[in-house]
Amino acid sequence: MEYLFGDSIGTLVQEDGGVRVHFASGEERRFDLVVGADGLHSATRRLVFGPEADYLQPIGVYIASWSAPNHLGLDRWEVFHQPGVDGIWGCMAMTVRDNTELRVFVGFTSEEAYEEMLPRDLMAQKRLVAERCESLRWEVPRFLKAMWETDAFHYDVVAQIRMDRWSRGRVALLGDAGFCCSPLTGQGTSVALTAAYVLAGELHLADGDHVAAYRAYEDRLRPHVTANQALLSLGQEMLVAETGASGPEGDADSARPDGPGREDSAEFRAAVAFDLPGY
């Protein structure tokens with residue numbers, strides 16, 4: 001097994017018998033197959049399947065996360081602040097690294113075009129988050145101060161990736177790159193690991209015949225992915241019920257906090273029901 005760090009794919013050229021990959025570092029290599037597992041904003045998908053806008057389906061929700069000192073003294077707890085501010089879903093803090101740090105999350109909605117809400121510059125992202133959260137109280141001002149002082153910061157749109165096919169030639173997509181379910185489903189990692197197992201198993205069964213393996217991979221996984229992506233609406237309903245905040249498709253007045261959890265729903269049971277083949 002060989003790992004290459006600090007590099008990225010610049011171009012992909014599919015040829016008979018392989019894929020010629022030119023890296024950003026200038027190195028060029030040739031591989032039998034390429035599997036893109038490079039996330040929601042997959043460069044592999046863009047290079048092989050076309051522009052991100054053809055596949056990305058944003059829902060008007062944005063999430064930021066960063067590290068902060070555990071000044072609350074939480075011990076394996078998470079706390080949620082419900083601000084009651086239009087467009088803000090809330091702020092959550094949970095302990096990580098043996099309670100030495102907090103991981104802070106804020107979520108908010110916007111009707112602006114998602115391209116306008118996703119500046120590439122890190123400081124511009126932090127300014128946007130600070131502006132959206134400037135009216136919040138509780139511990140949020142302290143959390144925002146920590147945001148400016150940490151490099152452990154992530155901000156992105158909540159979206160799904162929907163594609164008719166997850167492979168083209170010798171290139172296949174895996175996980176969020178091919179079928180992001182969105183964080184609101186809570187199923188992204190599970191689906192990605194299941195898909196990786198199935199893809200590897202089908203390649204083994206097909207004895208390296210990628211055409212047959214990719215086809216079997218999609219046939220087995222498509223219903224499972226579809227069921228898990230359908231959990232997005234259920235996740236939005238549960239978040240509205242828990243926070244009282246109105247999401248892009250939710251209505252706080254119709255929330256039922258005392259209703260059944262999502263694990264009790266038929267939709268969730270259908271999404272997690274998958275028999276792993278014994279390869």
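This report walks through the strands, helices and one lysine of a predicted model.

## The five-stranded sheet

Five strands make up an open sheet. Their order is 6-7-8-5-9, and the pairing is antiparallel. Strand 6 (78-81) and strand 9 (153-161) stand at the edges. Each has a single partner strand, so one side of each lacks a neighbour in the sheet. From one strand to the next, the twist averages 20°.

## Strand 5 and its partners

Strand 5 covers residues 56-69. Nine bridges tie strand 5 to strand 9, in the antiparallel sense. Here Ala-64 sits opposite Tyr-155 of strand 9.

Strand 5 also pairs with strand 8, again antiparallel and over nine bridges. In this pairing Ser-65 faces Phe-105 of strand 8.

## The hairpin of strands 7 and 8

Strand 7 (88-96) and strand 8 (101-109) run antiparallel and are joined by eight bridges. Met-94 stands opposite Arg-103 in strand 8. The two strands form a hairpin with four residues between them. In the turn, Arg-97 has a positive phi of about 55°.

## The hairpin of strands 2 and 3

Strand 2 (residues 18-23) pairs with strand 3 (residues 28-31). The sense is antiparallel, and there are four bridges. Arg-20 stands opposite Arg-30 in strand 3. This hairpin has four residues between its strands. Gly-26 takes a positive phi near 105°.

## Two helices against the sheet

Helix 2 spans residues 122-133. It lies across strand 5, strand 7, strand 8 and strand 9. Its direction is at about 85° to strand 9.

Helix 3, residues 140-149, packs on the sheet as well. Helix 3 touches strand 5, strand 6, strand 7, strand 8 and strand 9. The direction of helix 3 makes about 85° with that of strand 5.

## A buried lysine in helix 2

Lys-126 belongs to helix 2. What is the nearest side chain of opposite charge to Lys-126? That is Asp-151, 5.3 Å away. A salt bridge needs the charged atoms within 4 Å. Lys-126 has no salt bridge, yet Lys-126 is buried.

A polar atom of the Lys-126 side chain does lie 2.7 Å from the backbone oxygen of Met-147. Setting aside neighbours within four places in sequence, Lys-126 is in contact with Met-147, Trp-148, Thr-150 and Phe-153.

Definitions and conventions: Residues numbered from 1 in each chain as written. Predicted model: local features only at pLDDT ≥ 70, side-chain atom pairs only at ≥ 80, totals over all residues. Heavy atoms only, no water. Pairing = 2+ DSSP bridges. Axes fitted to C-alpha atoms, helices over the stretch in contact; angles between N-to-C directions. Contact = heavy atoms within 4.5 Å. Buried < 20%, exposed > 50% of the residue type's maximum accessible area, 1.4 Å probe, protein only. Lys, Arg positive; Asp, Glu negative; His and termini not counted. Polar contact = N/O pair within 3.5 Å; in protein donor to acceptor, adjacent residues only side chain to side chain.
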